[in-house]
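Dear colleague,

Please find below the structure that I am handing over to you. A short account of its pockets follows.

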Amino acid sequence: MTRTIEILNDWVAKLALTLAALFLLLMALHVTLDVALRYLFGKSFPGTLEVVSFYYMVAVVFLPLAYVELKREHISVDVLVGRLPASLQLILYLFACSLGLLYFGMLCYQSYLDAMRATTRMETAMANFRFYLWPSRWALPVGFGAMMLAIFANMLKALRLRQAL
């Protein structure tokens with residue numbers, strides 16, 4: 001069971017990272033093409049600022065959270081905890097993971113409610129054209145949900161190894 005969750009976590013985190021990388025590539029191409037068109041022909045794509053701000057950047061920020069947790073690359077300071085006995089380190093690690101699950105669970109739930117509300121209202125932004133915001137709202141609950149899975153998988157791994165990660 002633990003191994004299955006770790007494999008699922010690995011798959012979900014890498015899929016979210018791949019999507020974020022794809023959005024980053026699209027953003028680079030979109031902005032480059034917009035600048036080139038403006039420089040060469042004096043015209044640009046309408047809505048570049050909106051697409052970059054509301055779609056690309058949101059996906060690039062929130063989707064890779066789980067992968068960073070999977071690799072344990074979030075900022076952590078263990079000046080004091082590193083000097084404690086291994087059993088106490090494990091207890092503190094599990095406590096911190098529990099707080100992380102609670103925190104990201106609340107963020108996931110609220111962002112899910114916001115995304116549902118935005119979707120049912122077909123939320124738009126003020127622009128020179130109809131620009132739908134609601135699809136970008138779904139990146140947050142997806143990112144937070146994947147982050148919760150990553151934290152849970154790391155908790156199980158720490159319990160299996162009987163040491164803090």
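**The largest pocket**

In this predicted model, 22 residues line the largest pocket, and those that lie nearest its centre are Ile75, Ser76, Tyr93, Ala96 and Leu165. Two elements, α4 (86–121) and α6 (139–161), each give two or more residues to this lining. The largest share comes from α4, which supplies 8 residues. The space within the largest pocket amounts to about 630 Å³. Sorted by class, the residues of its lining comprise 13 nonpolar, 5 polar and 4 charged.

**The second largest pocket**

The second largest pocket has a volume of about 210 Å³. Its lining is formed by Arg3, Glu6, Ile7, Asn9, Asp10, Leu70, Lys71, Arg72, Ala153, Asn154 and Lys157. Here the elements that contribute two or more residues are α1 (2–41) and α6. Of these, α1 gives the most to the lining, with 5 residues. The lining of the second largest pocket has 6 charged residues, together with 3 nonpolar and 2 polar ones.

**Points to keep in view**

When you examine the model, you may wish to begin with α6, which gives two or more residues to the lining of the largest pocket and likewise two or more to that of the second largest pocket. The two linings may also be set side by side by class: the largest pocket has 13 nonpolar and 4 charged residues in its lining, whereas the second largest has 3 nonpolar and 6 charged.

With kind regards

Note on methods
Residues numbered from 1 in each chain as written. Predicted model: local features only at pLDDT ≥ 70, side-chain atom pairs only at ≥ 80, totals over all residues. Heavy atoms only, no water. 1 Å grid on protein atoms, 1.4 Å probe; cavity = no way out; pocket = protein on both sides within 12 Å on 5 of 7 lines; lining within 4 Å. Points joined across faces, edges and corners; volume = space filled by probe spheres on them. Helix = DSSP H or I, 4+ residues; strand = E, 2+ residues; numbered from the N terminus. Nonpolar A, V, L, I, M, F, W, Y, C, P; charged D, E, K, R; others polar.
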